[in-house]
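Trainee: I am new to this structure, and a tour of everything at once would be too much for me. Could you pick a single part and take me through it closely?

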Amino acid sequence: MPVNCPHGSASDGDAHGSGRGTQLRGITRRAVTALGSLGLLGLFLNSCSDEDGQDPAAGDDDTAGDDDTTGDDDSASSTGPEDCDETQSNPEGPFYAGNSPVRNHLNLYGDTGTELLVTGRILDADCAPLPLAVLEIWHADPAGEYDNSSPEMRYRAQMAADANGNYGFQTLVPGAYLDGSQYRPAHIHAKLWVGGVERLTTQLYFRDDPYNSIDGAVSDALMLDYSIDGSGAWNAGFDFVLPQANG
Ligand SMILES: [Fe+2]
């Protein structure tokens, strides 16, 4: 189940950090610029701003961002399905831990890698935004290693969509890793929650990864198309379309 800031917050690294300025520590200037241009900076500014221990999926509007700071939902250049086909599920894999820290930026550890910014929307099957939906992600570090034991829970996060269903996160491109006798391509695992109920488990892949063709779980419908900016950072968009809730 999603929880609220069990292992830290966007202001980690500053024991006295209570102001929003300190919450930007883990975000690079380039990401701030990119997010600002997408109208998504408010998502980061509000990440884990609640300190009342409430579940971000439980309906606290404060966790969903601020209308005034997140802009309109046309600003996110997502490449998700235009016809609102439900996002395909994909295997959870063995490394899900749950209780991920609430944050939008995961590039916090000084690892060498390629910066990645992913933005998009969380929608229901009727294409309506789900403003209180929670996206939980986990992925390998650039060297292809999962953090399965440290209290930092590296490269694991959960975040609430803003009032328009927008989400965004900044991280490093995951590395491929050996799974048995062959490599899995770079991928990001994702779970989507609405009202504390899990609605989807899937994985996102990267176009042109050399290992895509040998991995049985890879699907074209789960592919992140990305552009590379002048600094080499990858910018990708993906809209999640959740299946209808059971019952
Ligand atoms: Fe994985």
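Mentor: Happily! Let's look at strand S8 and its partners, starting where S8 and strand S9 (residues 223-224) pair in the parallel sense over two bridges. Strands here are DSSP runs of E with at least two residues, helices are runs of H or I with at least four, and both are numbered from the N terminus. Two strands count as paired if DSSP finds at least two bridges between them. Within this pairing, Phe-206 has Leu-224 of S9 as its bridge partner.

Before we go on, a word on what you are viewing. The model is predicted, so local features need a pLDDT of at least 70 and side-chain atom pairs count only at pLDDT 80 or more, while totals for chains, interfaces and linings use all residues. Residue numbers start from 1 along each chain, as its sequence is written.

Now to the loop between S8 and S9, where you will find Arg-207. This residue has 12 C-beta neighbours inside 10 Å and therefore counts as exposed. The rule looks at C-beta atoms placed from the backbone: with 20 or more others within 10 Å a residue is buried, with 12 or fewer it is exposed, and in between it is partly exposed. Arg-207 and Leu-224 are 17 residues apart in sequence, yet their C-alpha atoms are 6.0 Å apart in space. Setting aside neighbours within four places in sequence, Arg-207 is in contact with Met-223, Leu-224, Asp-225 and Tyr-226. Contact means that the C-beta atoms of two residues, placed from the backbone, lie within 7 Å.

S8 itself covers residues 197-206, and seven of its 10 residues are buried, so the rest of the structure largely encloses it. Its other pairing is with strand S7 (residues 187-194), which runs antiparallel to S8 and is joined to it by eight bridges. There, His-189 is matched with Gln-203 in S8. S7 and S8 form a hairpin with two residues between the strands, and in it Gly-195 takes a positive phi near 60°.

Step back a little, and these strands fall into an open sheet of five with the order S3-S2-S7-S8-S9 and mixed pairing. At its edges stand strand S3 (156-160) and S9, each with a single partner strand, so each has one side without a neighbour in the sheet. In general, the strands of a sheet pair through backbone hydrogen bonds, either parallel or antiparallel.

For comparison, try strand S1 (residues 115-123). Eight of its nine residues are buried, so S1 too is largely enclosed by the rest of the structure. Seven bridges tie S1 to the antiparallel strand S4 (residues 166-172), and four tie it to the parallel strand S11 (residues 234-237). Leu-117 stands opposite Gln-170 in S4 and opposite Asn-235 in S11.

Finally, here is the setting. The chain has three helices and 12 strands, and buried residues make up 46% of its 247 residues. Of the contacts between residues at least 6 apart in sequence, 76% join residues at least 24 apart. As for pLDDT, the predictor's confidence in each residue from 0 to 100, the chain's mean is 78, and 66% of its residues reach 70 or more. Residues 3-29 have a pLDDT below 50, and this stretch has 48 contacts in the model beyond near neighbours in sequence.
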